[in-house]
Amino acid sequence: MDKPKTLGWRNKAACRGVDPDIFYPVSDEEAEEARAICYGCQVRQACLEWAIGNRERDGVWGGATERERRRMIRQRRRSA
Ligand code: SF4
């Protein structure tokens, strides 16, 4: 059986091999280290869309914290 193709972007993730704790900060203020890695990641947009699409609740995905992703979802709903 084929692996799901939708997560193929993970193979190019800049966070591969990086301590996962960095991506689960206790506050938005402590998310800078993760953001810095995400901003240099070539699959940032795919990662962000996956997290938004799957309502990922925890952690930094695509350079955005959970609170920032919630805000993006609200903005998208308003402009839809
Ligand atoms: S955007 Fe950030 S969390 Fe997503 S794959 Fe890239 S480095 Fe990892």
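**Exercise 1. Which of the 13 residues around the ligand come nearest, and which helices contribute to the shell?**

Solution. The model is a predicted one, and the steps below should be read with that in mind. Begin with the residues around the ligand: of the 13, those that come nearest are Ala 13, Cys 15, Cys 38, Cys 41 and Cys 47. Next, turn to the helices, where helix 1 (32-39) and helix 2 (44-53) are each found to supply at least two residues of the shell. Finally, sort the shell by chemical character, which gives 10 nonpolar residues, 2 polar and 1 charged.

**Exercise 2. Describe the overall fold of the protein and its dimensions.**

Solution. Count the secondary structure elements, which come to 3 helices and 0 strands, and read them along the sequence to obtain the pattern α-α-α. The radius of gyration of the protein is 13 Å, close to the 12 Å that the globule rule gives for 80 residues, so the protein is as compact as a globular protein of that length. Along the principal axes, the C-alpha atoms fill a box of roughly 40 × 30 × 20 Å. As for burial, 15% of the 80 residues count as buried.

**Exercise 3. Which residues make up the largest nonpolar core, and which helix gives the most to this core?**

Solution. List the members of the core: its 9 residues are Ala 31, Ala 34, Cys 38, Cys 47, Leu 48, Ala 51, Val 60, Trp 61 and Ala 64. Assign them to helices, whereupon helix 1 and helix 2 each prove to supply at least two residues of this core, and helix 2 gives the most, with 3 residues. Then take one member, Ala 51, and set aside residues up to four places away in sequence; the residues that Ala 51 touches are Glu 56, Trp 61, Gly 62 and Arg 69.

**Exercise 4. Is helix 3 largely in the open or buried?**

Solution. Establish the extent of helix 3 first: the helix covers residues 66-79, has 14 residues and reaches 20 Å from its first C-alpha to its last, close to the 20 Å expected at 1.5 Å a residue. Then consider burial, for which the number of buried residues among the 14 is 1, so helix 3 lies largely in the open.

**Exercise 5. Locate Arg 55 and describe its backbone and surroundings.**

Solution. Arg 55 is placed in the loop between helix 2 and helix 3. Most residues other than glycine have a negative phi. The phi of Arg 55, however, is near 50°, a positive value in a residue other than glycine. To judge exposure, apply the cut-off of 12 or fewer C-beta atoms within 10 Å; Arg 55 has 10 other C-beta atoms within 10 Å and is therefore exposed.

Technical notes:
Residues numbered from 1 in each chain as written. Predicted model: local features only at pLDDT ≥ 70, side-chain atom pairs only at ≥ 80, totals over all residues. Rg over C-alpha atoms; globule rule 2.2 N^0.38 Å. Buried ≥ 20, exposed ≤ 12 C-beta atoms within 10 Å, placed from the backbone. Near = placed C-beta within 6 Å. Helix = DSSP H or I, 4+ residues; strand = E, 2+ residues; numbered from the N terminus. Nonpolar A, V, L, I, M, F, W, Y, C, P; charged D, E, K, R; others polar. Core = buried A, V, L, I, M, F, W, Y, C linked by C-beta atoms within 7 Å. Contact = placed C-beta atoms within 7 Å. Expected span 1.5 Å × (residues − 1).
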